[in-house]
2 protein chains.
Amino acid sequence: MKVLIVDDEELIRNIIREYCQNEGYMTDEAENGIEAIEKVKTSDYDIIILDLMMPKLDGYSSYREIKSIKNIPTIVLSARSEEADKLLGFDLGVDDYMTKPFSPKELMARIKAVLKRNKKEETDVFSYKGLKLDKIGHSVTINDKEIALTPKEYNLLLYFIDNKNVALSREQLLKKIWGFDFFGDDRTVDTHIKMLRNNLGEYRNLIKTVRAVGYKFEIKD
Amino acid sequence: MKVLIVDDEELIRNIIREYCQNEGYMTDEAENGIEAIEKVKTSDYDIIILDLMMPKLDGYSSYREIKSIKNIPTIVLSARSEEADKLLGFDLGVDDYMTKPFSPKELMARIKAVLKRNKKEETDVFSYKGLKLDKIGHSVTINDKEIALTPKEYNLLLYFIDNKNVALSREQLLKKIWGFDFFGDDRTVDTHIKMLRNNLGEYRNLIKTVRAVGYKFEIKD
DNA sequence: GTAATTTATGAAAGTTTTGTGAAATATAAG
DNA sequence: CTTATATTTCACAAAACTTTCATAAATTAC
């Protein structure tokens, strides 16, 4: 779990960082909106704690910008308890809203709650850059365009995703995807790999060949 | 949208009711946990606003009981701002937590946010372009012209609509629409799909076949 | 550098799954 | 009881998918 803490006050950042690290989360920090946007572009976060009142670029503008880059759950902090802000915040799709001064313990509880809510989605849909696999809808999209996979190709990709970065032998793949009662040729796997690669287009090289062993779905986190 | 307001103070209930009705929500009220549980058993609600401090049966016990009956999104209200309560609340899976005195506007914003997260097509009339299904009137229209569906076809479509973008297996469909006691052929589903598609005319391709699995009602949001 | 081994690929043959029309059966309405 | 309507089964056609296989390309071993 990686948390991005965005606040211009160092004191606040320190407190949040402390509590987060206590919880076992990784943390990263930004002092203002511009910096936050940069960080989001280059790293992956599971949640963002975003202060509204910041120099350079205010919270809501930052929020909108970040949303357009990556859809990361966000909890907004605000010094002003103006209701208008809260309403606007929720309207924009903020996941939770707290006013300063806040209780760090409550913040942690809300972080956990937000992560819990979003966890289900994450397990139901695999996503890596423009490649998405929706387990519920049984569909795969590349840059939001659905690609047509045959059942075997889909199952193959699904198994790869559930076993990313693991070298899988042809026997293993046959046993798991074709079933223990398949008595055909090993090389059948090769053909399906070929077709899956073709369908994956720009992502074809996520499937690495492991010579003398089999194949591997490689994702560098 | 139907909201169940559970609080022992009439004044509070009145305020929340006012705001909810302003928002166009239906409301129902309970004075204590016991009453709330009864109401949940007999009616369907989209969200529950639950006070913690109540006579007869306290909020958390009520919450647990209600959860075990139906899984309804819940926002907890509390007079005490004890942190322990909040932590416990989120641990139990409460959707949001507010302390009294609260701002009614913020409560409404949080209600909306919770409902948005739990967005179920709980509307009485489904509508997508020229295709409409009226759950109350049990009718389906295409471009305002009613189409005649048989009961099975209607139930099939209704189930698809309530499970849009979900790949459904024939077994699942048989179990849910035909009932667990149907022992006929899988392929019966195919025939009904065929007839439903024919009746859907220009919307026939909303029903996608998911090879080796079953069917899917696909609506691109 | 050459031979041996392993993987990639294209095309054809074979298999499975789904679409469909029609008949048989069941259910509801008059 | 008769008729109309709805549901189920089934067989065959059509479409989609899988497997095999021969050959090319790549990699490793000697």
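In the predicted model, the buried residues of helix H8 of chain B pack against four other elements of that chain, namely H6, helix H7 (170-178), strand S11 (207-210) and strand S12 (214-217). The residues concerned are Val189(B), Ile193(B) and Leu196(B), and because they cover an arc of only 70 degrees around the axis, they are placed on the same side of H8(B). The other side of H8(B) carries Thr191(B), Lys194(B) and Asn198(B), which are exposed. The helix itself has 13 residues, and the 18 Å that separate its first C-alpha from its last are close to the 18 Å expected at 1.5 Å a residue. After H8(B) comes Gly201(B), for which phi is positive, near 55 degrees.

Arg197(B) also belongs to helix H8 of chain B. This residue is classed as partly exposed because 17 other C-beta atoms lie within 10 Å, a count that falls between the limit of 12 or fewer for an exposed residue and that of 20 or more for a buried one. When residues up to four places away in sequence are not counted, Arg197(B) touches Arg204(B) and Ile207(B). Tyr25(B), by contrast, is separated from Arg197(B) by 172 residues in sequence and by 35 Å in space, C-alpha to C-alpha.

Helix H1 of chain B, which runs over residues 10-22, likewise has 13 residues and reaches 18 Å from its first C-alpha to its last, close to the 18 Å expected at 1.5 Å a residue. Just after H1(B), a positive phi of about 90 degrees is taken by Gly24(B).

Two DNA strands, C and D, were considered in turn. Around DNA strand D there are 23 residues, of which Thr150(A), Lys152(A), Gly184(A), Thr150(B) and Gly184(B) come nearest. The elements that give two or more residues to this surface are helix H6 (151-162) and helix H8 (188-200) of chain A, together with helix H6 (151-162) and helix H8 (188-200) of chain B. By residue class, the surface near DNA strand D divides into 5 nonpolar, 8 polar and 10 charged residues.

Around DNA strand C there are 16 residues, and those that come nearest are Asp190(A), Lys194(A), Thr209(A), Asp190(B) and Thr209(B). Here the elements that give two or more residues are H8 of chain A and H8 of chain B. The surface near DNA strand C is made up of 4 nonpolar, 4 polar and 8 charged residues.

The two protein chains also touch each other, in a contact that takes 15 residues from chain A and 19 residues from chain B. On the side of chain A that touches chain B, two or more residues are given by helix H4 (83-91) and by helix H5 (104-124) of chain A. The largest share of that side, 6 residues, comes from H5(A). The residues on the side of chain A that touches chain B comprise 6 nonpolar, 3 polar and 6 charged.

At the level of domains, chain A is divided into domain 1, which covers residues 2-123, and domain 2, which covers residues 129-217. The C-alpha centres of domain 1 of chain A and domain 2 of chain A lie 36 Å apart.

Technical notes. Residues are numbered from 1 along each chain as its sequence is written. Chains are lettered from A and ligands numbered from 1 in the order in which they are written. This is a predicted model: local features need pLDDT of at least 70, side-chain atom pairs count only at pLDDT 80 or more; totals for chains, interfaces and linings use all residues. Two residues are in contact if their C-beta atoms, placed from the backbone, lie within 7 Å. Ala, Val, Leu, Ile, Met, Phe, Trp, Tyr, Cys and Pro count as nonpolar, Asp, Glu, Lys and Arg as charged, and the others, Gly among them, as polar. A residue is near a molecule or strand if its C-beta atom, placed from the backbone, lies within 6 Å of it. Domain bounds come from an automatic or database domain assignment. The expected span of a helix is 1.5 Å times one less than its number of residues. The arc is that of the directions from the helix axis to the C-beta atoms.
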